[in-house]
Every structure is written in C-alpha cells, then in structure tokens.
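Please look through the structure below with its sequence beside it; the paragraphs that follow lead from burial and exposure to charge pairs, surface patches and backbone angles.

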Amino acid sequence: MEKKQFQAESKRLLEMMINSIYTQKEIFLRELISNSSDAIDKIYYRALTDDQLSFDPADYYIKLSIDKEGRKLTLTDTGIGMTREELENNLGVIAKSGSLAFKKENEAKDGHDIIGQFGVGFYSAFMVADRVTVTSRALGEELAYRWESEGAEGYIIEPAEKAEVGTEIVLHIKNNTEDDSYDEFLEEYRLRSIVKKYSDFIRYPIKMDAVVRVPKEGAEGEFDEKIEEEQVNSMVPIWRKNKSELTDADYENFYAEKHYGFDKPLAHVHINADGAVVYRSILFIPETPPYDFYSREYEKGLELYANGVLIMNKCADLLPDYFSFVKGMVDSESLSLNISREMLQHDRQLKLIAKNIENKIKSQLKSLQKDDREKYEKFFEAFGRQLKYGVYSDYGMHKDALQDLLMFYSSTEKKLVTLDEYVSRMPEDQKYIYYATGATYARIEKLPQTEMVADKGYEILYFIDDIDEFAVKMLLSYKEKEFRSVSSGDLGIEPDEQEKQDEAEAAGDQELFDYMKERLAGKVASVRASKRLRSHPVCLSSEGEVSIEMEKILSMMPDNPNVKAQKVLEVNVHHDVFASLKSSFEGDKEKLDLYTDLLYNQALLIEGLPIEDPVEFTNMMCKVMV
Ligand code: ADP
C-alpha cells in the first residue's frame with residue numbers, strides 16, 4: 001500500500017502540534033470526544049431536512065474501551081462517519097476543518113452547536129499515541145475505510161469493514177519514556193476523570209466499560225468480576241445545576257470548553273433569576289483582554305439560549321459597551337423559540353435581562369474591589385480603560401454607574417485607589433481632587449508642577465491613560481469635590497505669608513515678564529511668577545479648558561482638530577536663575593533673549609513636548625558655555 005505524505009505545511013504543523021500547542025497531554029480526549037459529538041450532531045442536522053432519516057437521541061453515544069495488554073485505547077461513535085474523500089481531506093490536511101465548513105453551511109440550531117472549527121484537534125492524538133487507526137463508515141455508505149498514520153511520516157487509506165455507521169478510532173498508546181508516562185491513558189479511573197473534567201456536558205452519553213464486582217453465587221464473601229457499561233458524563237448543562245454543586249474548577253472548565261478565552265477567568269457570576277423575568281446565566285470576568293479587545297474588530301456579546309437551545313452566539317444587546325469584556329451565556333424560558341434576530345432587539349424580556357445582568361456585573365465588580373483588591377487591580381489593569389471610555393461616552397450618561405469602579409494611582413499611597421478612598425482622606429482645608437498627567441508614573445513624580453500640591457501634603461492622582469483626563473472632565477466632580485489639574489491656574493490653595501510677599505514683589509517684575517512674553521509671542525499666552533514651583537526654575541501650565549496633555553492627545557488623532565492649549569510659562573522667582581534674568585533685563589537684553597528661549601525650551605522638554613528646533617537649542621546651550 002502506497003503511503004501518502006501529509007501536505008508540507010501539515011507536516012510542520014503536526015510536529016508543532018505534538019510538541020507545543022497543548023501543554024497538557026490529557027486534552028487529546030476532549031478533542032476526540034468533541035469531534036464525535038459534532039459527528040452525531042451532524043446526523044441530527046441531516047435529519048432535519050431528510051424525511052428518510054429520523055433522529056432518536058437514545059440511539060447515539062460515544063464509547064471508550066481499554067485494552068491494557070495491547071496498549072490500545074478505542075473511541076467509538078455513532079456519528080455521521082467519513083467517506084474516503086472526507087478521511088483524505090479532513091485527516092490528511094491538517095488545519096482543515098470539515099466541521100467549520102459544515103458550520104458555515106448550516107446555521108446552529110436547537111443547541112446542536114458544532115464545536116470543531118480549527119482543524120487541529122484530531123492530531124492531538126499523536127501526543128499520546130504513536131499510531132492512530134481510524135475506521136469510519138459514512139452515513140448512507142455500505143463500505144468503510146481505514147485511515148492509519150504513525151505521525152509525520154504520512155498515512156494510508158484502505159477499504160475496510162464496519163458493521164455500523166460511525167467512526168472508530170484506535171490509539172496505540174506510546175510506551176513510557178524516561179520523562180513521560182503514558183500508562184495513565186490506559187487506566188479507567190484516569191480516563192473517567194478526564195471525561196468529567198472536560199466533557200461532562202457533552203449532550204450524548206459517553207460510555208465506558210467498567211469492572212464491577214458482584215457477589216459470587218453460593219460463595220459467601222467472594223466476588224465475581226464483571227464488565228459493565230457505565231455512562232461517565234452527566235450531560236446536564238452546567239447552568240442548570242445548583243451553584244452549591246459546582247466548584248471553581250467546574251466554571252473554569254466551562255469557560256475553556258466554550259472557548260470564551262485562553263486565560264483563566266478572574267471571577268464568575270451564576271444567576272438563577274425567578275422574578276419578573278426567568279433566566280439562568282453564567283458570566284465571566286476574564287483575566288486578560290483578547291488580542292483584539294481594544295480594536296474595532298472586537299465583537300461583544302453573550303451566548304443566548306432559549307430554553308436550552310442556542311439562538312445566538314453573540315447577543316450584543318445583552319451587554320453595555322463598558323462591560324463588553326464580559327463573557328458567558330444566558331438561557332431563558334421567557335424568550336419565544338421562533339424569535340428572529342431583528343425582533344430580539346425589541347424584545348422587552350431581553351431588555352429586562354440585560355438590565356438585570358448589568359447590575360449583577362456591577363455588584364460583582366464592586367465586591368471584588370472591596371474583598372479582593374489584588375484581583376480587582378488585575379481586572380482594572382486589563383479592562384479599566386474600557387470603564388473610563390464608558391464614563392466619557394454618551395455625554396457622560398453612565399458616569400454615576402461607573403465612577404465608583406474607577407481607580408487611579410495615588411502619589412501618597414503609591415498604588416491604585418478609588419475616588420471614594422481619596423475623598424475620604426482629604427484634609428479639611430483641601431478644596432479639590434488633584435491630578436497630574438504624564439506618560440509614566442515615574443515621569444509624573446518628577447513634574448515640577450506637582451511640587452506645591454505635594455508640599456502641602458495633598459494626595460495627587462496620576463493619569464497615564466489618554467482617556468483619563470477626558471473621563472474626569474466628564475465627571476466634573478466626585479462627592480461634590482471638583483477635579484483640578486496640578487497645572488491649572490487656580491489650585492484653590494490659600495497663599496501663605498511668603499507667597500503674599502512674593503506676589504507683591506512680582507508686581508515689580510511685571511516689565512520683565514512682559515518683555516519675556518513679547519520674546520515668546522505666539523508660543524505662550526503669558527509669563528508669570530509661579531506659585532507652585534519649589535526647586536525647578538520654570539514650568540508650563542495652561543489657562544482655559546484645554547490642558548497641555550489634552551493638546552498632545554488631540555494632536556495624535558487621525559483628524560487632528562488642531563486644538564491648542566493656552567500655555568503659560570511660569571518662573572520660579574526664588575531660583576538663582578531668576579536673579580540672572582533680572583540682571584540681564586537691566587544690562588544685557590541679548591542675554592535675556594537667549595535665557596528666555598532656553599528656559600522655554602526646557603519647559604517644553606519637561607512637559608514631554610517636542611522642541612521646535614533642537615539644533616538651535618543646542619547652539620544656544622553652547623553659547624551659554626563659552
Ligand atoms: P476540528 O474538529 O477543529 O474541525 P479536527 O482536526 O479535530 O478539527 O477534525 C478535522 C475534521 O475531521 C473535522 O472537522 C471533521 O469533519 C472530521 N472528523 C474528525 N473526527 C471525526 C469523527 N469522529 N466523525 C466524523 N468526522 C470527524
């Protein structure tokens with residue numbers, strides 16, 4: 001018999017598959033069982049349109065048998081089987097999924113949702129087997145075919161006999177090596193636990209031969225061993241079970257089985273609502289965002305079942321945008337079965353469920369924030385930005401609902417804090433909630449603008465996300481305390497004696513400031529004595545609605561609205577540099593021009609703004625040196 005080669009890409013993929021895609025060998029069983037379940041579903045689909053065919057669930061099953069001596073594990077199903085061509089196409093070409101093609105042609109109906117779609121699962125068998133023999137008889141065919149392969153070397157296909165329609169897969173389990181043991185995959189208890197772990201909710205019985213001991217007739221205390229077929233899986237969907245019966249691991253498995261994500265969920269909510277609207281739901285808060293989460297491609301939504309029957313894979317109406325990261329499903333008896341996608345949007349029941357779910361998610365997040373801060377921080381790290389967008393979007397319509405979920409880094413606590421925590425710590429005399437913006441915490445820490453507020457001992461929130469300042473502008477205030485940037489003109493801090501004196505003195509320097517402003521015409525709106533600087537000679541601040549940080553963000557937008565902040569150059573009158581400015585104002589205007597330009601550029605650099613002419617800037621530095 002001629003041995004056929006796998007296609008070139010397939011060969012490489014197969015090696016990858018066996019060595020690296022899956023970290024756990026045991027999942028081969030999940031993959032094969034899912035394929036069998038899909039194969040039975042396909043008969044069900046066929047029966048929907050074929051009058052000759054009837055589908056009685058009682059006739060269909062998946063079975064595992066072990067032959068320890070022969071080192072063989074056999075998986076049999078009564079599914080639709082494969083023709084010669086299908087064996088060739090589906091098993092000869094890796095990463096080709098017959099099930100995905102099938103799924104595209106047949107829309108999911110009545111909960112018989114086909115699982116397979118990647119076209120790689122089958123090959124996981126080679127993680128535990130050094131030879132795989134598939135004997136399959138397709139529905140409507142008399143003849144069966146046998147496909148056999150020892151891995152990357154290729155495969156053979158030959159005619160075979162099989163009494164019943166379906167597929168039988170024999171795994172020739174590998175011998176133990178120094179590093180790995182494969183014997184476990186020939187142990188009944190081990191296989192049983194793998195089935196329970198991954199495939200408990202498969203809708204068809206998964207049977208297994210079990211050795212049972214029965215009392216020996218006529219011989220007291222002695223037993224006979226008998227082989228009996230037992231059903232291993234419980235078949236009942238997890239959401240129909242009682243919460244008390246389920247463990248965290250059960251929910252995590254469900255999450256993985258459903259392909260909600262590759263991560264482990266941070267938290268789950270299991271709802272069994274019996275009020276105005278009756279539904280069951282399991283919701284998950286993932287740990288990490290999917291790669292496309294913050295892109296337009298990302299599609300939010302929950303799986304929607306009507307009475308256990310899947311109607312929609314991603315029902316977007318069930319989730320508000322700001323909770324778009326939530327994964328899970330809803331099963332409701334209140335939805336009528338023949339509901340169409342269009343009608344769903346207007347379904348009153350659905351709206352009620354959505355509102356209900358939103359509240360549940362909110363309270364779940366709040367309790368996580370309260371009881372497990374570490375987890376909540378992880379969550380916020382991953383999805384906090386989405387919540388901030390939520391505050392900002394729709395003209396701030398959802399801000400009341402979301403503001404308590406927000407967290408920002410605190411200058412004094414050195415960690416993320418809630419607004420409530422901030423406000424409850426505010427000293428009597430502190431008027432505003434202060435924040436400072438910048439690229440990183442470390443850079444904000446060094447911003448000269450923060451000096452005065454920090455000196456006062458006030459807490460400052462550090463904003464490093466583009467959206468932060470916009471979200472806060474939408475919030476305006478929290479618990480009647482307004483937000484205020486440390487760079488803003490009015491910090492609401494009463495001047496002390498020293499400052500009052502400064503102010504009086506600064507009046508005498510007005511001419512100098514006017515001169516500098518003239519020199520920087522078009523670049524700054526004014527030059528003035530700073531109230532917030534302590535050790536730095538200069539900094540930039542802004543007047544009006546648009547902050548320097550906002551200008552930076554807006555200038556990066558594709559349709560750059562060209563909004564500019566009204567910049568103010570603030571000068572520290574206690575700095576030695578100021579004395580130089582003063583003396584050159586009196587004696588050497590050329591020097592003053594040079595110093596003014598230099599200081600302005602320094603202020604730009606500190607702000608993280610580009611300087612207009614770096615070459616000119618370095619020339620100026622050299623001029624000062626010689
Ligand atoms: P996937 O299940 O992701 O499609 P697999 O590599 O597991 O990928 O399987 C490839 C294809 O082989 C399936 O899509 C299906 O068409 C076919 N197949 C696999 N196992 C069976 C089976 N037990 N009965 C019928 N067809 C099967």
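In what follows, a residue is called buried when its relative accessible area is under 20%, exposed when that area is over 50%, and partly exposed in between. The model is a predicted one, and every value below is computed from it.

With these cut-offs, glutamate 482 counts as partly exposed because its relative accessibility is 40%, whereas arginine 484, with a relative accessible area of 16%, is buried. The side chains of glutamate 482 and arginine 484 meet in a salt bridge with an N to O distance of 3.3 Å. In the whole model the count comes to 41 salt bridges, and some of these connect separate elements of the chain.

One such pair is lysine 567 and glutamate 551, whose closest N and O atoms are 3.2 Å apart. Because lysine 567 lies in strand S22 (residues 566-571) and glutamate 551 in helix H17 (residues 548-556), the salt bridge ties together parts that are 16 residues apart in sequence. Both lysine 567 and glutamate 551 are buried. Elsewhere, salt bridges that share partners join Lys63, Lys207, Asp209 and Glu229 into one network.

A further salt bridge brings together the side chains of arginine 131 and glutamate 150, at 3.9 Å from N to O. Here arginine 131 belongs to strand S3 (residues 129-137), while glutamate 150 sits in the loop between strand S4 (144-149) and strand S5 (155-160), so that the pair links distant parts of the chain, 19 residues apart. Arginine 131 itself counts as partly exposed, since its relative accessibility is 29%.

Where do charges of one sign gather on the surface? A patch of negative charge is formed there by Glu85, Glu86, Glu141 and Glu142. Of these residues, glutamate 86 lies in helix H3 (residues 84-92) and, at 33% relative accessibility, counts as partly exposed. A patch of another kind, nonpolar and about 380 Å² in area, is made by Met621, Met625 and Val626. Methionine 625 has its place in helix H20 (residues 614-625), and its relative accessible area of 66% makes it exposed.

Helix H2 (residues 27-49) turns attention from the surface to the interior. Because 19 of the 23 residues of H2 are buried, this helix is largely enclosed by the rest of the structure. Its length can be checked too: at 1.5 Å a residue, the 23 residues should span 33 Å, and the end C-alpha atoms are 34 Å apart, which agrees.

Two residues deserve a look for their backbone angles. Aspartate 394, in helix H9 (residues 373-396), has a positive phi of about 50° although it is not a glycine, and its relative accessible area of 45% places it among the partly exposed residues. Lysine 414, likewise not a glycine, has a positive phi near 60°; lysine 414 is found in the loop between strand S14 (408-410) and strand S15 (416-417) and, with a relative accessible area of 44%, is partly exposed.

Another loop residue, serine 535, lies between strand S20 (526-529) and strand S21 (538-543), and its relative accessible area of 47% makes it partly exposed. How far apart in space are serine 535 and glutamate 451? Although 84 residues separate them in sequence, their C-alpha atoms are 8.0 Å apart.

Conventions: Residues are numbered from 1 along each chain as its sequence is written. This is a predicted model: local features need pLDDT of at least 70, side-chain atom pairs count only at pLDDT 80 or more; totals for chains, interfaces and linings use all residues. Side-chain values use heavy atoms; hydrogens and water are left out. Patches are made of residues with over 30% relative accessible area and no salt bridge: like charges are joined within 9 Å, nonpolar side chains (Val, Leu, Ile, Met, Phe, Trp, Tyr) within 5 Å. Accessible areas come from the Shrake-Rupley method with a 1.4 Å probe; for residues, only the protein chains shown count as cover. A salt bridge is a side-chain nitrogen of Lys or Arg within 4 Å of a carboxyl oxygen of Asp or Glu. Lys and Arg count as positive and Asp and Glu as negative; His and the chain ends are not counted. The place of a charge is taken as NZ of Lys, CZ of Arg, CG of Asp or CD of Glu. Helices (H or I, at least four residues) and strands (E, at least two) are DSSP runs, numbered from the N terminus. Buried means under 20% relative accessible area, exposed over 50%, partly exposed in between (1.4 Å probe, protein chains only). The expected span of a helix is 1.5 Å times one less than its number of residues.
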